[in-house]
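Colleague: I am new to this structure and would like to go through it by asking about one part at a time. Could you take me through the reasoning behind each answer?

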Amino acid sequence: MLPGALALVDGRYLRFQVYPDVFTVCAALAIGYWYATTRIGPARGAVTTRRQAVWWYASVATIFVFAEWPIHPLAEHYSFAVHMLEHEVFSFVAAPMMLLGTPDWLLRWAVVERPWYRVVRALTRPFAAGALYTVVLLVGHWPAVVNETTHNEPFHFAMHLVLYLASLALWMPVINRLPEFATLGRPGTLLYMFVISVPATLPTIMLIFSTHVLYSSYAGGPEYLGWGFKADQEMAGAIMGAVVQLEVWVLVAYNFFAWWAEEQREEQQLSGRAPWDNLTVPERSARTVR
């Protein structure tokens, strides 16, 4: 442990407690979605599928689990690896699930028909979304910022909010199907997923190969849990550099093979047509008479 570092020598933060801000946000998301899909949607003649509802509520449940006790105090006071896991789940699990659970009509009602539509449209373009997430990612790993989040709850909440909104913007070009927003095709999605996986390399290398405590607020915390700060930082780097990269490449593989399958189907449809399939109706009639 570094001299002068703030050490945690007991489990005072690990006692069971409910965090009201997390409970309030998740309740608002769940109840708000229920109200929108049972009142606002039907009034507009819109339908929400069961699959969309499952995606949305699964996203809210994921946020609740990873932002409440015991993960919240572990991530905030004891282990940067848990902190990293929490953030990556928000960005790469909860955010895309929430977008998958958002019906087109709800996105139009909540964004397109609102004054902030132009701002949202600009920030969800592929380049802007990738740049925004990269900036949030790098700033979120700055030691001064991380240390501040461990003892300043409003600041911590604000950082989580910014991270989650940046993650929604990041996934929007991939999941969106509305013409009002930018949408990537299969080839564009492959390139986009590869590019957004690159910025995480820098903090990954920093965490894995650093020989000193990067975040003084966590000094002593890993030791209390049973492992050292070096192992804790290496685990954090592994989560970012291996687990997240694996997820990105799985998505790349899925999009590649889906694209390939679509191309094959189109080729089979073209090759399977009879010569007269491309004739106009009068030409077909004349051919039949002959």
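Colleague: In which helix does Gln233 lie, and is Gln233 buried or exposed?
Modeller: This is a predicted model, so each value here is computed from predicted coordinates. Gln233 lies in helix H13. The relative accessibility of Gln233 is 4%, and a residue counts as buried when that value is under 20%, so Gln233 in H13 is buried.

Colleague: How far apart in space are the C-alpha atoms of Gln233 and Ser79, and which residues does Gln233 contact beyond its neighbours within four places in sequence?
Modeller: Along the chain, Gln233 and Ser79 are 154 residues apart, while their C-alpha atoms are separated by 8.5 Å. With its neighbours within four places left aside, Gln233 is in contact with Leu207, Ile208, Ser210, His212, Val213, Leu214 and Tyr215.

Colleague: Which helices do the buried residues of H7 pack against, and why can those buried residues be said to line one face of the helix?
Modeller: The buried residues of H7 are Ala129, Gly130, Tyr133, Thr134, Val136, Leu137 and Gly140. Seen down the axis of H7, these buried residues fall within an arc of 165°, and therefore they line one face of the helix. An α-helix has 3.6 residues a turn, so residues three or four places apart point the same way. The helices that the buried residues of H7 pack against are H4, H6, H8, H9, H10 and H13.

Colleague: What span should the 15 residues of helix H7 have, and how far apart are its end C-alpha atoms?
Modeller: Helix H7 runs over residues 126–140, and at 1.5 Å a residue its 15 residues should span 21 Å. The expected span agrees with the distance between the end C-alpha atoms of H7, which is 21 Å.

Colleague: Which residues of H10 are buried, and which helices do they pack against?
Modeller: In H10, the buried residues are Thr189, Leu190, Tyr192, Met193 and Ile196. The helices against which the buried residues of H10 pack are H7, H9 and H13.

Colleague: At what angle do the axes of helix H1 and helix H5 cross, and which residues of H5 meet H1?
Modeller: The axes of H1 (residues 20–43) and H5 (residues 104–112) come within 11 Å and cross at roughly 100°, which makes H1 roughly perpendicular to H5. By class, their contact has six nonpolar, two polar and no charged residues. From H1, Tyr33, Ala36, Thr37, Ile40 and Gly41 take part, and the residues they meet in H5 are Trp105, Leu106 and Trp109.

Colleague: Where does Glu68 lie, is Glu68 buried or exposed, and how far in space is Glu68 from Tyr19?
Modeller: Glu68 lies in the loop between H2 and H3, and Glu68 counts as buried because its relative accessible area is 4%. Beyond its neighbours within four places in sequence, Glu68 is in contact with Gln17, Val18, Tyr19, Val22, Phe23 and Pro73. Glu68 and Tyr19 are 49 residues apart in sequence, and from C-alpha to C-alpha their distance in space is 6.3 Å.

Colleague: Which residues does the cis peptide bond join, and what is its omega?
Modeller: One partner, Pro70, lies in the loop between helix H2 (50–67) and helix H3 (71–78). The cis peptide bond joins Trp69 and Pro70, and its omega is about 5°.

How values were computed:
Residues are numbered from 1 along each chain as its sequence is written. This is a predicted model: local features need pLDDT of at least 70, side-chain atom pairs count only at pLDDT 80 or more; totals for chains, interfaces and linings use all residues. Side-chain values use heavy atoms; hydrogens and water are left out. Axes are lines fitted to C-alpha atoms, for helices over the stretch in contact, and angles run from 0 to 180 degrees between N-to-C directions. Helices (H or I, at least four residues) and strands (E, at least two) are DSSP runs, numbered from the N terminus. Angles under 35 degrees count as roughly parallel, over 145 as roughly antiparallel, 65 to 115 as roughly perpendicular and the rest as oblique. Contact means heavy atoms within 4.5 Å. Ala, Val, Leu, Ile, Met, Phe, Trp, Tyr, Cys and Pro count as nonpolar, Asp, Glu, Lys and Arg as charged, and the others, Gly among them, as polar. The expected span of a helix is 1.5 Å times one less than its number of residues. Buried means under 20% relative accessible area, exposed over 50%, partly exposed in between (1.4 Å probe, protein chains only). The arc is that of the directions from the helix axis to the C-beta atoms.
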